[in-house]
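Hello,

Here is the structure I promised to pass on. Please open it first, then read my notes below.

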Amino acid sequence: CLDGEGKVHEFDSRWRTEDCNDCSCSKTGIGCCTSYMTPVDYDEEKCESIFNKETCSYKVVEKDDHSKECPVHSWVG
């Protein structure tokens, strides 16, 4: 399989892209999906979500104080 970056992958192999997608190669082609959950139910007035590409995860923190995490009631992914 040839991915979007021009790299060749063997059949039945798996890898994670720089954009935090989990991909796999089969005889039918390449399939990719996100490797992380996205927060959807939190106080958007008071809080904001920040994506960390190092850990491939979101953190939801107060807009005025990033050291304080906000509760998240629902995630999708």
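**The largest pocket**

The largest pocket has a volume of about 160 Å³. Keep in mind that this is a predicted model. How do we find such a space at all? Rolling a probe the size of a water molecule over the atoms shows where empty space is left.

Now look at the walls. There are 13 residues lining the largest pocket, and D3, E5, W15, T17 and E18 are the closest to its centre. Strands β1, β2 and β3 each give two or more residues to this lining. Sorted by class, the lining holds 5 charged, 4 polar and 4 nonpolar residues.

**The sheet**

The three strands that help line the pocket also build a sheet. The sheet is open, its order is β1-β2-β3, and the pairing is antiparallel. Which strands stand at the edges? They are β1 (14–16) and β3 (29–34). Each has a single partner strand, so one side of each has no neighbour in the sheet. From one strand to the next, the twist averages 20 degrees.

What holds paired strands together in general? Strands of a sheet pair through backbone hydrogen bonds, either parallel or antiparallel. Here, strand β2 covers residues 21–26 and is joined to β3 by 6 bridges. Try finding one of these pairs: C23 has C32 in β3 as its bridge partner.

**Two residues with a positive phi**

Most residues other than glycine have a negative phi. Two residues here are worth a look against that background.

Start with D12. Its phi is near 65 degrees, a positive value, and D12 is not a glycine. D12 sits in the segment before β1. Is D12 buried or exposed? Its relative accessibility is 69%, and the cut-off for exposed is over 50%, so D12 counts as exposed.

Then take C20. This residue is not a glycine either, and its phi is positive, at about 65 degrees. You will find C20 in the loop between β1 and β2. Its relative accessibility is 1%. Buried means under 20%, so C20 counts as buried.

**T38 in strand β4**

Last, go to T38. It belongs to strand β4, residues 38–41. With 26% relative accessibility, T38 counts as partly exposed. What does T38 touch beyond its neighbours within four places in sequence? T38 is in contact with Y58, S74, W75 and V76. Compare K7: T38 and K7 are 31 residues apart in sequence, and their C-alpha atoms are 28 Å apart in space.

Best wishes

Definitions and conventions
Residues are numbered from 1 along each chain as its sequence is written. This is a predicted model: local features need pLDDT of at least 70, side-chain atom pairs count only at pLDDT 80 or more; totals for chains, interfaces and linings use all residues. Side-chain values use heavy atoms; hydrogens and water are left out. Two strands pair if DSSP finds at least two bridges between them. Helices (H or I, at least four residues) and strands (E, at least two) are DSSP runs, numbered from the N terminus. Axes are lines fitted to C-alpha atoms, for helices over the stretch in contact, and angles run from 0 to 180 degrees between N-to-C directions. On a 1 Å grid over the protein atoms alone, a cavity is a set of points where a 1.4 Å probe fits but cannot get out, and a pocket is an open set with protein on both sides within 12 Å along at least five of seven lines; lining residues have an atom within 4 Å of a point. Grid points are joined across faces, edges and corners, and a volume is the space filled by probe spheres set on the points. Ala, Val, Leu, Ile, Met, Phe, Trp, Tyr, Cys and Pro count as nonpolar, Asp, Glu, Lys and Arg as charged, and the others, Gly among them, as polar. Buried means under 20% relative accessible area, exposed over 50%, partly exposed in between (1.4 Å probe, protein chains only). Contact means heavy atoms within 4.5 Å.
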